[in-house]
Amino acid sequence: MYVLDTSAILSAKFFGSDIAIPPAVLKEIKKGGMAWRHLQYMKAIGLKIISPPKDAIKLVKEFASRTGDLPSLSMADIQALALAFHLKATLLTDDYSMQNVAREMKIDCKGIMQEGIKEKFYWRYRCKSCGRYFDEYVETCPICGGEIKRVRR
Ligand SMILES: [Zn+2]
């Protein structure tokens, strides 16, 4: 069985019929959109909406505050983690913080677009003014003094 997070629904990919989501994920899907229509289809073929038990939610919050991921988790993320833990299901998510907490809680976890947590993010830094790239973090551009933003390699 798979537990899907919001990004898994938004991906509009097919994950079979043995799938579940918590109510908070349902709330994050805008009615009438493509993801919503995809959700209706998944419901028709067997998707279940299950509320995770309170103690599982509490446990997720405890682990997430220990790993420092709690501030980046939405209620839907927390519920999805708790549900995967409760059902002993595989969690499908591309969210780095969710993957991190899942790993700590020994929840089986798979990425949707990415390879999962084994793939590390590598960042570069780019000057907003002159467009130069830097491999290491600089506060301001050493060439022109421009603002720096972080970009994926
Ligand atoms: Zn610059």
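Two residues are taken to be in contact if their C-beta atoms, placed from the backbone, lie within 7 Å. The structure described here is a predicted model, in which the secondary structure of the chain amounts to six helices and eight strands. Read from the N terminus, these elements follow one another as β-α-β-α-α-β-α-α-β-α-β-β-β-β. Taken along the principal axes, the C-alpha atoms fill a box of roughly 55 × 35 × 25 Å, and 31% of the 153 residues count as buried. Among contacts between residues at least 6 apart in sequence, 49% join residues that are at least 24 apart.

The confidence of the prediction averages a pLDDT of 89 over the chain, with 94% of the residues scoring at least 70. Among the elements, the highest mean pLDDT, 97, belongs to α5, whereas β8 has the lowest, 84. Over residues 115–120 the pLDDT is below 50, and this stretch has eight contacts in the model beyond near neighbours in sequence. Where pLDDT is low, the predicted coordinates should not be read in detail.

Helix α4, which comprises the 14 residues 54–67, reaches 20 Å from its first C-alpha to its last, close to the 20 Å expected at 1.5 Å a residue. The buried residues of α4 include Ala-56, Ile-57, Val-60, Phe-63 and Ala-64; because these residues cover an arc of only 130° around the axis, they are placed on the same side of α4. On the other side of the helix, Lys-54, Asp-55, Lys-58, Glu-62 and Arg-66 are exposed. The buried residues of α4 are covered by elements that include α5 (75–87) and α6 (96–104). Just after α4, Gly-68 takes a positive phi of about 85°.

Positive phi values also occur in residues other than glycine, including Lys-88, for which phi is near 55°, and Lys-106, for which phi is near 60°. Most residues other than glycine have a negative phi. Lys-88 lies in the loop between α5 and β4 (90–92), while Lys-106 is found in the loop between α6 and β5 (109–110). With a cut-off of 12 or fewer other C-beta atoms within 10 Å for an exposed residue, Lys-88 is classed as exposed because 11 such atoms surround its own C-beta within that distance. By the same cut-off, Lys-106 is likewise exposed, since 9 other C-beta atoms lie within 10 Å.

Towards the C-terminal end of the order of elements, which closes with four strands in succession, three strands form an open sheet in the order β7-β6-β8, and the pairing is antiparallel. The edge strands of this sheet are β7 (133–134) and β8 (148–152), each of which pairs on one side only. Strand β6, covering residues 123–127, pairs with β8 in the antiparallel sense over five bridges, and within this pairing Arg-124 has Val-151 of β8 as its bridge partner. Strands of a sheet pair in general through backbone hydrogen bonds, in either a parallel or an antiparallel arrangement. The edge strand β8 is also the element with the lowest mean pLDDT in the chain, at 84.

Methods:
Residues numbered from 1 in each chain as written. Predicted model: local features only at pLDDT ≥ 70, side-chain atom pairs only at ≥ 80, totals over all residues. Pairing = 2+ DSSP bridges. Helix = DSSP H or I, 4+ residues; strand = E, 2+ residues; numbered from the N terminus. Expected span 1.5 Å × (residues − 1). Buried ≥ 20, exposed ≤ 12 C-beta atoms within 10 Å, placed from the backbone. Arc of directions from axis to C-beta. pLDDT = per-residue confidence, 0-100.
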